[in-house]
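Colleague: I would like a close look at a single part of this model. Please keep to what can be read from the coordinates.

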Amino acid sequence: MLKHALRVMQVFRPKLLHCTPLQTLAIRGPLFTNIPVSYFSTSLPKHKKLEMPALSPTMEAGNIQKYLKKVGDPITAGDVLCEVETDKATVGFEMQDEGFLAQILVPEGSKGVKVGQLVAVIVPKQSDVASFANFKDSPTKQPEQSQAASKPASQPQQTPTPQQAPSRATGGAFPKHSKLGLPALSPTMEKGNLMKWLVKEGDKISPGDVICEIETDKASVGFEVQEDGYIAKLMVPAGTKDIKLGTILAISTPKKDNVSSFVNYTLEGASAAAQTIQAQPTEQQEQQQQQQQQSLNNDTPIQTVSQSGSRIFASPLAKEFAKKNNVALEYIRGTGIDGSIVKKDVERFIQSGSKPEVQVQQQQAVSTPQQSQQTQTTSQEQPTQQTTPPPVQVKQQTKPTTASKPVAIEGNPYVDTELTNMRQTIAARLLESKTTIPHYYLTMTVTMDKVLKVREELNKLQKVKISVNDFIIKASALALKDIPQANSQWHGTYIRKFANADISIAVATDAGLITPIVFNAGSKGLGTIASTVKELADKAKANKLKPQEFIGGTFTISNLGMFGIDQFIAVINPPQSAILAVGKTSKRFVPDENGQPKVENQMDVTLSCDHRVVDGAVGAQWLQRFKFYIEDPNTLLL
């Protein structure tokens, strides 16, 4: 057996695959893994390939904002290799092994880097770093690579896509350089807006420098670089919107003298392979473009935006299965993480006999050549009809058409503000909550006299000031411990009940609402809760929250009392089953034991519940326990 393997290795010289132990990211919530794969090759020293990890339940791709290590740097367990923007926040990609960074395969700034895509290579010995100077990963077999390298004219290589572009391009007439692609800066981010550049061509950059500001679906985030060098070319102008993940934003070079070489730099002319493709006969070029387009269509997921404009979360397997069975995902209720659609949901939907098909969408989205000709002929006879054929892929309309544009009122000036990515996400989530969750509401009045007195005494003893909201967080956590049914989530075929109360706190920012989490609030003291909430609120307003600080949560508190609101009802934050709306504390006349009027400080709270999980009696019991704790704050100090 061994001899046979050696003979095969001598003929084909393949890379032998070994898997290292499972690597995990140090974040709370569901387990997200990063599995570096070790390769041993006859031509390269021992090394490990680091793949893009899944940093949130819904993450399919991420944006590499900034590298904190450069090629040749030593790496120890716990070091952060790079900052990855997900659809929720920016997270550090932590290392679990020791070694040296040998090569960066995906440049910082790259967007749409798919989960599992190779990002970098590390080696155990520093002396082996030089062996990877020209290393490029490719999914093709090694023999085919060798043939392509020896015969570039007859077998040209394809130009890598932005997501697959190597971090350093050394081919062609351009000096050594790095391509900075747009990274995924939040778990749900699919595109971003380049607000402004903070550098210009020729400027020196160092690790940690912010070169531009990117607006995501959550906030405006700085794009930090991880390597030393100079900005050689800005590829995308400031103000550009809807930039797809992985799009190359800029080019950097290690030497300032090289900057002038990139004056006329274009991505098309950056590689000799692209020039070879342009030199091919027209027939071969068209055939290759068809193959590239077919490969792109195979890799592109089916429609993930419903006709109503809301985003649909579904696993790749569910998308593929729905596509094969001609089923529209927007009609299926998901039972996966955060309500995402899994294959089992599609199967159950088909078995139920209800099968809204996507033929109409496909007919609108894809037209055959005959249909295109008919459309053009009809358009010539009827000039008022649309002459441009519909796009190949259905996309969410970001701007209203002429037919749907509202008519301005004469004499009344107005301003149209385009939706930010974060505002679109908030709108989709709230619409999903109100249309799919059966809300009901319970209101109770609680007396706050004792809380205000204890708060005043505690604030005299410590530097961190305790707010009324901190008492509410603690009382809510203890009530959830007493009534665990309210600390649960609906998952379609089962209800998940949590042991710890992770309280999400609604924080208003300039960009929109976000809910950082006080984890296991029932086990924390009031002082710890106060300092934690202050730190999280400051991070939220500065767009510095990490995904593990706001992804998850089992119960939400929304407090508008500070704005003078007496009472309101809140929308449930899915997949949670309840949210507490808190009004202001005000003085009210109430009868005493003798029926005489007296003044009390009172507060109204309203609990919104998901009736699928929390029955009315359960919601009432929870409010009773909350009232018990908040009206006797000494119980919160035990």
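Which residue follows α12, and is its phi positive or negative?

Modeller: The residue after α12 is Asn-543, and its phi is positive, near 55 degrees. Before the details, two notes on the basis. This is a predicted model, in which local features need pLDDT of at least 70 and side-chain atom pairs count only at pLDDT 80 or more, while totals for chains, interfaces and linings use all residues. Residues are numbered from 1 along each chain as its sequence is written, and side-chain values use heavy atoms, with hydrogens and water left out.

The chain has 13 helices and 31 strands; helices (H or I, at least four residues) and strands (E, at least two) are DSSP runs, numbered from the N terminus. Of its 638 residues, 44% are buried, where buried means under 20% relative accessible area, exposed over 50% and partly exposed in between, with a 1.4 Å probe and protein chains only. Among contacts (heavy atoms within 4.5 Å) with a separation of 6 or more, 66% are between residues 24 or more positions apart.

Helix α12 covers residues 526-541, and its 16 residues should span 22 Å at 1.5 Å a residue. The expected span is 1.5 Å times one less than the number of residues. The end C-alpha atoms of α12 are 23 Å apart, which agrees. Leu-526, Ile-529, Ala-530, Thr-532, Val-533, Leu-536, Ala-537 and Ala-540 are the buried residues of α12. They pack against two helices, α10 (449-459) and α11 (468-482), and against the strands β26 (507-508), β27 (513-514) and β28 (517-518).

Asn-543 itself lies in the loop between α12 and β29. Its phi of about 55 degrees is positive although Asn-543 is not a glycine. Most residues other than glycine have a negative phi, and most peptide bonds are trans. Asn-543 is partly exposed, with a relative accessible area of 28%. Asn-326 also has a positive phi, near 55 degrees, and sits in the loop between α5 (316-324) and α6 (343-351). Asn-326 is buried, at a relative accessible area of 15%.

Beyond β29 (555-559) comes the loop to β30 (578-591), where Asn-573 is found. Outside its neighbours within four places in sequence, Asn-573 contacts Arg-429, Thr-515 and Thr-556. Its C-alpha atom is 7.7 Å from that of Leu-430, with the two positions 143 residues apart along the chain. Pro-575 belongs to the loop between β29 and β30 as well, and the peptide bond from Pro-574 to Pro-575 is cis, with omega near 10 degrees.

Helix α11, one of the elements that α12 packs against, also meets α13 (residues 616-631): their axes come within 8 Å and cross at roughly 135 degrees. Axes are lines fitted to C-alpha atoms, for helices over the stretch in contact, and angles run from 0 to 180 degrees between N-to-C directions. That makes α11 oblique to α13; angles under 35 degrees count as roughly parallel, over 145 as roughly antiparallel, 65 to 115 as roughly perpendicular and the rest as oblique. On the α11 side the contact involves Phe-471, Ile-472, Ala-475, Ser-476, Leu-478, Ala-479, Leu-480 and Asp-482, and on the α13 side Trp-622, Arg-625, Phe-626, Tyr-629 and Ile-630.
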